[in-house]
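Notebook open, structure loaded. I want to go through the ligand site, then the empty spaces, then a few odd spots in the backbone.

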Amino acid sequence: MQTSNQNIFDNAESIKPEFKCDVLVIGGGPGGSTISAFLVQKGWKVALLEKAHHPRFHIGESLLPLNIPLLERLGVLEQVDKIGLVKLGAEFNHEGYMPAVYYFANAMDKSYPSAYEVRRSEFDNVLLRNSAAKGTDVREGVRVTEVKFRKGQTSLVAAVDEAGTPQLWETKFLIDASGRDTFLANRFKIKHRNPKHNSSAVFGHFAGAVRRPGKDQGNISVYWFDHGWYWMIPLRDGAMSVGAVCWPYYLQSRKKSVDEFFMDTLAMNPEVAERLKNARLMAPAMATGNFSYQAETMSGDGYLIVGDAFAFIDPVFSSGVFLAMNSGELGAQVVDEALRNGDVSARSLQKYDKTIRRGLKTFSWFIYRITTPALRKMFMSPRNTFHMEEAILSLLAADIFRGTPIRFPLFVFKMIYYISSIINLRESLASYRQRRRAWYSRLEFIWKTGT
Ligand SMILES: Cc1cc2nc3c(=O)[nH]c(=O)nc-3n(C[C@H](O)[C@H](O)[C@H](O)COP(=O)(O)OP(=O)(O)OC[C@H]3O[C@@H](n4cnc5c(N)ncnc54)[C@H](O)[C@@H]3O)c2cc1C
């Protein structure tokens, strides 16, 4: 597949690339740092180009228990333990219900009872330095601009550093880990917005927010409101990451400054407002209007796409970092095998595709329906009949790729959801209409703006 602007490669046959590697990785977030670290350990010559300089701000601070063994395999668990706050569970709150706290220790497989809350600037920096220490040629302040795939041959990659000096790379394999910049999906024009997921957000860090007491101090709190949901993620240094993920129509209704809009939004939920009564924003609030999306494909002849560069889903289950790192680890196995067999065709990468899609699908079923009355009721009043609560906990812990027997209990859970939706038909239809309105407003926005 060729990219749109090929000028730089017009005379590709006569070009002499300045730099050569076996694998070139675009982006040094969790996905890129993970796949590069594992591949370089397997003996490949790996280069990673990152347009920013770490440590850099990134939103998304809540990790999941299955991150722990992955961090262990990467050899960074001790470092993450030093920067992270231990998270024992996830707390869900909704009007009319007692808070439902899901402790990971009660999951089906009890081996991973905790996770961490981390500042992403620190966490991503640990991962990137670890990859560099293992031997990856990490270049920061270098932005990849173009790529040319040549059938049966190496690929050419153009990049530019901050001084504007161009670089030309030749690689046997390309990994796109560019996050929501979606480098390849944009160039191939294969990125599709996903109207079923929320993904506009407004967020900031607060000092002086009320934490949960004792062992619960590291738990994430999730609250729903009419336009979406809020998170409260406590960080080790006392700060609280707070955000509202909302339907785009709500964010578009903003007529005030982002800070004012953010504070007004938080005030809509009395419990959130109470926890922030004596708190102050530590820096201006930020907003992102990037909608959820998925690319058509995550692999092809000579390339693989990992993490957010392939898909971004509503972060209500804090799944993004784990999914990015997990795709990095699995991606490294598949790419290693393909390079060793001398066959980097799309066919040799199929295993990757299947597994990653299955993981996204598992989370997505719950995310699409989490705002329906039936699912919310089940979520807010957990029951362990047929091991359903344990299975939900395993899902919340991201234990969905290891063969832990959660399929049957999740199936029963889904059946109960469908039955109770039918029993409470009037309520279900009202909620369906509300969601449909939100989807339509979203589709209308996409149609009007083309973005
Ligand atoms: C509001 C919000 C809340 C979230 N909350 C959570 C949460 O609590 N827990 C969780 O797990 N996840 C959360 N996420 C999702 C999570 O942040 C992402 O899923 C995760 O960062 C994906 O990692 P990645 O490596 O794929 O991409 P990224 O972390 O985005 O890394 C991509 C990197 O590529 C670089 N790059 C991009 N283009 C180029 C280029 N052309 N050349 C060179 N470098 C390039 C970027 O600078 C960046 O460093 C949240 C996301 C949002 C928007």
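I started with the make-up of the ligand shell: it splits into 15 nonpolar, 13 polar and 9 charged residues. Worth writing down at once: this is a predicted model. The shell numbers 37 residues, and E50, H58, S62, R120 and V321 are the closest to the ligand.

Next I asked which helices and strands give at least two residues each to that shell. My list reads α1 (30–41), β2 (46–50), β8 (142–148), β14 (228–234) and α9 (320–341).

Then I went through polar contacts to the ligand's oxygen atoms. E50 puts a polar side-chain atom 2.6 Å from a ligand oxygen. V321 does it through the backbone, with a polar atom there 2.8 Å from an oxygen of the ligand. P30 also uses a polar backbone atom, at 3.3 Å from a ligand oxygen. How much of the ligand's surface does the protein bury? I have 1000 Å² exposed for the ligand taken alone, and 95% of that is buried by the protein.

Pockets next. I looked up the second largest one, and its space comes to about 890 Å³. I noted 41 lining residues, with H94, T371, P373, R376 and K377 nearest the centre of this pocket. By class, that lining has 19 nonpolar, 12 polar and 10 charged residues.

Where does the lining of this pocket come from? I find at least two residues from each of β13 (220–225), α8 (270–275), α11 (373–380), α12 (388–396), α13 (407–423) and α14 (425–449).

On to closed spaces. I get 3 cavities of 30 Å³ or more. I picked the second largest cavity for a look, and its volume is about 60 Å³. Its lining is made of L64, K87, A90, F92, F104, I220, V222, V316, F317, S318 and L396. That comes out as 9 nonpolar, 1 polar and 1 charged by class. Strands β4 and β13 each give at least two of the lining residues.

Salt bridges: my search of the whole structure turned up 21 of them. I zoomed in on E91 and R212, whose closest N and O atoms sit 2.7 Å apart in a salt bridge. This pair ties together distant parts of the chain, with the two positions 121 residues apart in numbering. E91 belongs to strand β4 (residues 89–93), while R212 sits in the loop between β12 (200–207) and β13.

Last, backbone oddities. Most residues other than glycine have a negative phi, and most peptide bonds are trans. Which two residues does a cis peptide bond join? I found H54 and P55, with omega about 0°. P55 is placed in the loop between β2 and α2 (67–74). I also flagged K189, which is not a glycine yet has a positive phi of about 55°. K189 lies in the loop between α5 (183–188) and β11 (191–193).

Terms used: Residues are numbered from 1 along each chain as its sequence is written. This is a predicted model: local features need pLDDT of at least 70, side-chain atom pairs count only at pLDDT 80 or more; totals for chains, interfaces and linings use all residues. Side-chain values use heavy atoms; hydrogens and water are left out. A residue is near a molecule or strand if one of its heavy atoms lies within 4 Å of it. A polar contact is a pair of N or O atoms within 3.5 Å; within protein, one must be able to donate a hydrogen and the other to accept it, and residues adjacent in sequence count only if both atoms are side-chain atoms. Accessible areas come from the Shrake-Rupley method with a 1.4 Å probe; for residues, only the protein chains shown count as cover. Helices (H or I, at least four residues) and strands (E, at least two) are DSSP runs, numbered from the N terminus. Ala, Val, Leu, Ile, Met, Phe, Trp, Tyr, Cys and Pro count as nonpolar, Asp, Glu, Lys and Arg as charged, and the others, Gly among them, as polar. On a 1 Å grid over the protein atoms alone, a cavity is a set of points where a 1.4 Å probe fits but cannot get out, and a pocket is an open set with protein on both sides within 12 Å along at least five of seven lines; lining residues have an atom within 4 Å of a point. Grid points are joined across faces, edges and corners, and a volume is the space filled by probe spheres set on the points. A salt bridge is a side-chain nitrogen of Lys or Arg within 4 Å of a carboxyl oxygen of Asp or Glu.
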